[in-house]
Amino acid sequence: MTPVATPFFFYLFAGMMLIGGILVITRKNPVHSALALIVTLLAQASIYLMLYAPFVAGVQIILYAGGIMVLFLFVIMLVSIERSMKERQFNSQRVVGIIAATALGGLFIAVYSKGKDIFPDHAVRMTAAEAPNVQSVATLLFGPYMFAFEIASLLLLVAIIGAVVMAKKRI
Amino acid sequence: MESMLHITTLHYLVLGAALFLLGVIGVLTRRNVVIVLMSIELILNAVNLNLVAFSRMSGGLHGQVFAIFVITDAAAEAAVGLGILIAFFRNKETVNIDEVNLLKW
């Protein structure tokens with residue numbers, strides 16, 4: 001099916017992501033930053049849908065916006081934020097940090113302006129999909145990437161044990 | 001104006017780079033540890049956007065599988081990082097990373 005109004009949706013969701021990102025790094029209240037990050041993640045899931053990646057969009061909404069951000073909000077509840085909101089918000093190396101980030105931005109602009117001819121002009125590869133997206137991703141996950149899949153589950157086990165040990169009162 | 005209306009791969013890459021820069025600024029300039037951790041999540045999301053954009057450009061789905069693994073890794077890292085934060089807060093009663101200076105000479 002042919003997409004409609006692609007530039008409008010791209011700029012809408014890109015604007016939502018950038019505004020959400022700016023709100024994340026500038027808000028004094030961490031709860032406001034967490035909510036802005038949730039908006040950014042949901043807008044990014046919409047961009048994934050525009051890039052014909054519905055499974056990654058679903059994983060992003062369920063895992064990232066619905067799991068990781070809820071974990072962040074629980075921890076923000078546990079640590080007291082009233083005292084941290086009264087202090088200075090930006091640390092003493094902010095000028096050097098902004099200069100370094102501007103240098104990195106200049107590097108990105110230089111690389112992308114020099115190399116923009118190597119990307120093809122069309123955004124989409126008009127090949128008909130042999131199978132639905134979830135089925136194709138699953139064929140890849142259980143095929144060539146089987147080892148990485150098992151290692152990822154081992155990583156999650158280690159992370160669970162680590163988080164429980166870290167947060168215990170007495171080890 | 002015509003080039004801005006036709007959305008190519010480069011548009012997605014520039015958006016990913018802008019998000020990456022916002023995450024880097026957040027990590028380098030904020031004092032609150034929770035906001036630093038959230039800026040790290042912004043960086044990981046920018047990388048994911050690049051991966052999925054290149055996967056769309058090349059036609060294969062390897063970039064999307066890689067993005068799923070990055071999301072899994074971000075979940076594990078967020079859990080461990082927040083556990084460390086809770087342990088740190090239990091010791092010092094502050095979420096200010098400027099106060100993590102016991103190893104400073």
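Is A:Ala138 buried or exposed, or does it fall in between? In this predicted model, A:Ala138 is partly exposed, because 14 other C-beta atoms lie within 10 Å, and a residue would need 20 or more such neighbours to be called buried, or 12 or fewer to be called exposed. The residue belongs to helix H6 of chain A, which covers residues 133-141. A:Ala138 and A:Phe55 are separated by 83 residues in sequence, yet their C-alpha atoms are 9.8 Å apart in space.

The wider layout of chain A comes next. Chain A is divided into domain 1, residues 1-88, and domain 2, residues 131-171, and the C-alpha centres of these two domains lie 23 Å apart. As for the confidence of the prediction, chain A has a mean pLDDT of 88, with 92% of its residues at 70 or more. Among the elements of chain A, helix H2 (residues 30-50) has the highest mean pLDDT, 95, whereas helix H4 (residues 82-86) has the lowest, 76.

Between H2 and helix H3 (54-78) of chain A runs a loop that contains A:Tyr52, a residue other than glycine whose phi is nonetheless positive, near 60°. Most residues other than glycine have a negative phi. A:Tyr52 is partly exposed, because 18 other C-beta atoms are found within 10 Å of its own. Chain B offers a further case in B:Glu93, which is not a glycine but has a positive phi of about 60°. B:Glu93 lies in the segment after H4 of chain B, and with 11 other C-beta atoms within 10 Å it is therefore exposed.

Within chain B, the axes of H3(B) and H4(B) come within 8 Å of each other and cross at roughly 175°, an angle over 145 degrees, so the two helices are roughly antiparallel. On the H3(B) side the contact includes B:Val33, B:Leu37, B:Leu44, B:Val47, B:Leu51 and B:Phe54, and these belong to a set that meets residues of H4(B), among them B:Phe66, B:Val70, B:Ile71, B:Ala74, B:Leu82 and B:Leu85. By class, the residues of this contact of H3(B) with H4(B) comprise 16 nonpolar, six polar and one charged.

H4(B) also takes part in the contact between the chains, to which chain A gives 73 residues and chain B gives 61. On the side of chain B that touches chain A, helix H2 (9-29), helix H3 (33-58) and helix H4 (62-92) of chain B each supply at least two residues, and the largest share, 22 residues, comes from H4(B). That side of chain B holds 41 nonpolar residues, together with 14 polar and six charged ones.

One helix pair shows how H4(B) meets chain A. Helix H7 of chain A (residues 146-167) packs with H4(B) at an angle of about 10°, their axes being 8 Å apart; the two helices are therefore roughly parallel to each other. From H7(A) the contact draws on residues including A:Ala148, A:Ala152, A:Leu155, A:Leu156 and A:Met166, and from H4(B) on residues including B:Phe69, B:Asp73, B:Val80, B:Ile84 and B:Ile86. The residues of this contact of H7(A) with H4(B) divide into 15 nonpolar, three polar and one charged. H4(B) is thus roughly antiparallel to H3(B) and roughly parallel to H7(A).

How values were computed. Residues are numbered from 1 along each chain as its sequence is written. Chains are lettered from A and ligands numbered from 1 in the order in which they are written. This is a predicted model: local features need pLDDT of at least 70, side-chain atom pairs count only at pLDDT 80 or more; totals for chains, interfaces and linings use all residues. Two residues are in contact if their C-beta atoms, placed from the backbone, lie within 7 Å. Helices (H or I, at least four residues) and strands (E, at least two) are DSSP runs, numbered from the N terminus. Ala, Val, Leu, Ile, Met, Phe, Trp, Tyr, Cys and Pro count as nonpolar, Asp, Glu, Lys and Arg as charged, and the others, Gly among them, as polar. Axes are lines fitted to C-alpha atoms, for helices over the stretch in contact, and angles run from 0 to 180 degrees between N-to-C directions. Angles under 35 degrees count as roughly parallel, over 145 as roughly antiparallel, 65 to 115 as roughly perpendicular and the rest as oblique. Domain bounds come from an automatic or database domain assignment. pLDDT is the predictor's confidence in each residue, from 0 to 100.
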